[in-house]
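The following exercises ask the reader to study the sequence and the structure side by side. Each task is followed by a solution in steps.

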Amino acid sequence: MSVSEALDALRSEIPGCSLVAFADLSSKIVLTSSSATNPAREKLDALSAAAHLVLDGAIAEGAVPIWGDQNTAETAMLLSSSEARVFMRSPGENPEALICVCAPDCNLEVVMDCARSTLKRIVSET
Amino acid sequence: MFRKLDLESDDLSDFTRLENVLAKLRQREKAGGEVRTLRGVGSDALLASLVAEIDETILPRRLIFTTKNGTELHMAVANRRLQSLLSPVPDLPGAKDLADVAFADGQDPNLALLGGMLRGIFEQAETVRIDARRLPAGAYDPDVGAPSGGLSKAWGVQVVEVRVKEPSEIIDFFLNQISDDDAEAWLRIEGENVTDQAGSAERLTELGEQAAVFLDGYFSKFDALFSADEAATATVVAPEAAGQTAVLFVEIGGLSAFVAAKTARVAALASSWQAQVSE
């Protein structure tokens, strides 16, 4: 299964999921995405920039003292009354992350479980 | 349930650094001004919410409704009546004919045209922001315009009075349901002051410092995380290990809470928050 196919499968698996993207955290670029509509480049750029901030950048650095060791952030969420954005770091060696944009009242536990399974599949098959 | 500490007897100087950081939040809020959004999802709910907004407006106001894709509608509203659609109008069929022409009353035939236009705009809108500005007195006769009953009939919507929950009710309900299975400690923040807290004294002292570090980065990058018109937000950052602690920071209407949540429970807590603010 290609990364694109894995993203398509993930989007169809999560009710209310409008966009799934796979981003490179170091270059802050979306590598590939799955969406019902063609997302604007600016939207993808903003998502990858946010992924960097919450998993590697200022937001993640500010959160590390809470868990008190050198482990990096694995998961982050940016939630509002209009949407839920979930970010999950890839378990592989490359600095990559999965981004899911879902309805604001989505089941976040389900989103995380599905995203984690998808990331493992991507890492094991690529 | 958490043991809450008596704020009167506790030394809150441990929160000095946090409160200095929170002062930045107040500055940001003052710069941004109060932003509200129409409640509801879908064109019918948004239209009903717009009618309710008109029904609550007594003094002359220019109400500006802005959709997420940037379409703006300006309306003259006073005395709980929609008096006219004001210029500038969106580039839509019939809009220019309605611009700056007063609606005589609730039976004005132009109301149906405006209703169709609004329905079309709201069908594409995820959120609609409301901005109210003063309208010079005397712009329209105070008895001119369509009241909410006429608007509801002309637009085929039913306005149901919904009591809007205060931000303090939402945040207090959320915090009070957090048990020690869910989190280690939390701080309730109002403006730049910590107004309530739960957890052990030792953990709270640490938490104040940790919140200050987190919020320093959060406020400096806020514009890259959320749009300024979001009424309620939540931010979660969690490590991989389930047994560790995650950050959960929620904000609504000048109130916020910083929660040291258990990683295994943070998604459920965040879902609970979303369920409340999405109601």
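**Exercise 1.** Determine the angle at which helix H2 and helix H3 of chain A pack, and state which residues make the contact.

*Solution.*
Step 1. Helix H2 (residues 41–55) of chain A packs against helix H3 (residues 58–67) of chain A at an angle of about 20 degrees, and their axes are 4 Å apart. Axes are lines fitted to C-alpha atoms, for helices over the stretch in contact, and angles run from 0 to 180 degrees between N-to-C directions. Helices (H or I, at least four residues) and strands (E, at least two) are DSSP runs, numbered from the N terminus.
Step 2. The angle therefore makes H2(A) roughly parallel to H3(A); angles under 35 degrees count as roughly parallel, over 145 as roughly antiparallel, 65 to 115 as roughly perpendicular and the rest as oblique.
Step 3. H2(A) contributes A:Leu53, A:Val54 and A:Leu55 to the contact, and H3(A) contributes A:Ala58, A:Ile59 and A:Ala60. Two residues are in contact if their C-beta atoms, placed from the backbone, lie within 7 Å.
Step 4. The residues of this contact of H2(A) with H3(A) are 6 nonpolar, no polar and no charged. Ala, Val, Leu, Ile, Met, Phe, Trp, Tyr, Cys and Pro count as nonpolar, Asp, Glu, Lys and Arg as charged, and the others, Gly among them, as polar.

*Note on the model.* This is a predicted model, in which local features need pLDDT of at least 70 and side-chain atom pairs count only at pLDDT 80 or more, while totals for chains, interfaces and linings use all residues. Residues are numbered from 1 along each chain as its sequence is written, and chains are lettered from A and ligands numbered from 1 in the order in which they are written.

**Exercise 2.** Describe the side of chain A that touches chain B.

*Solution.*
Step 1. Chain A gives 31 residues to the contact, and chain B gives 37 residues.
Step 2. On the side of chain A, two or more residues come from each of H2, H3, strand S3 (75–80) and helix H4 (108–125). H3(A) supplies the largest share, 9 residues.
Step 3. This side of chain A divides into 20 nonpolar, 7 polar and 4 charged residues.
Step 4. S3(A) pairs with strand S9 (residues 232–238) of chain B in the antiparallel sense over 6 bridges; two strands pair if DSSP finds at least two bridges between them. A:Leu78 has B:Thr235 as its bridge partner in S9(B).

**Exercise 3.** Which strands of the open sheet of chain B stand at the edges, and how is strand S4 of chain B placed?

*Solution.*
Step 1. The open sheet of chain B has 6 strands in the order S1-S5-S2-S3-S4-S6, with antiparallel pairing.
Step 2. Strand S1 (36–37) and strand S6 (146–147) of chain B are at the edges; each has a single partner strand, so one side of each lacks a neighbour in the sheet.
Step 3. S3(B) and S4(B) run antiparallel and are joined by 5 bridges. B:Ala78 has B:Arg81 as its bridge partner in S4(B). The two strands form a hairpin with 2 residues between them, and B:Asn79 in the turn has a positive phi of about 55 degrees.
Step 4. S4(B) is also joined to S6(B) by 2 bridges, again antiparallel, and B:Arg81 has B:Pro147 as its partner in S6(B).
Step 5. Strand S4 (residues 81–86) of chain B is mostly covered, with 6 of its 6 residues buried. A residue is buried if 20 or more other C-beta atoms lie within 10 Å of its own, exposed if 12 or fewer, and partly exposed in between; C-beta atoms are placed from the backbone.
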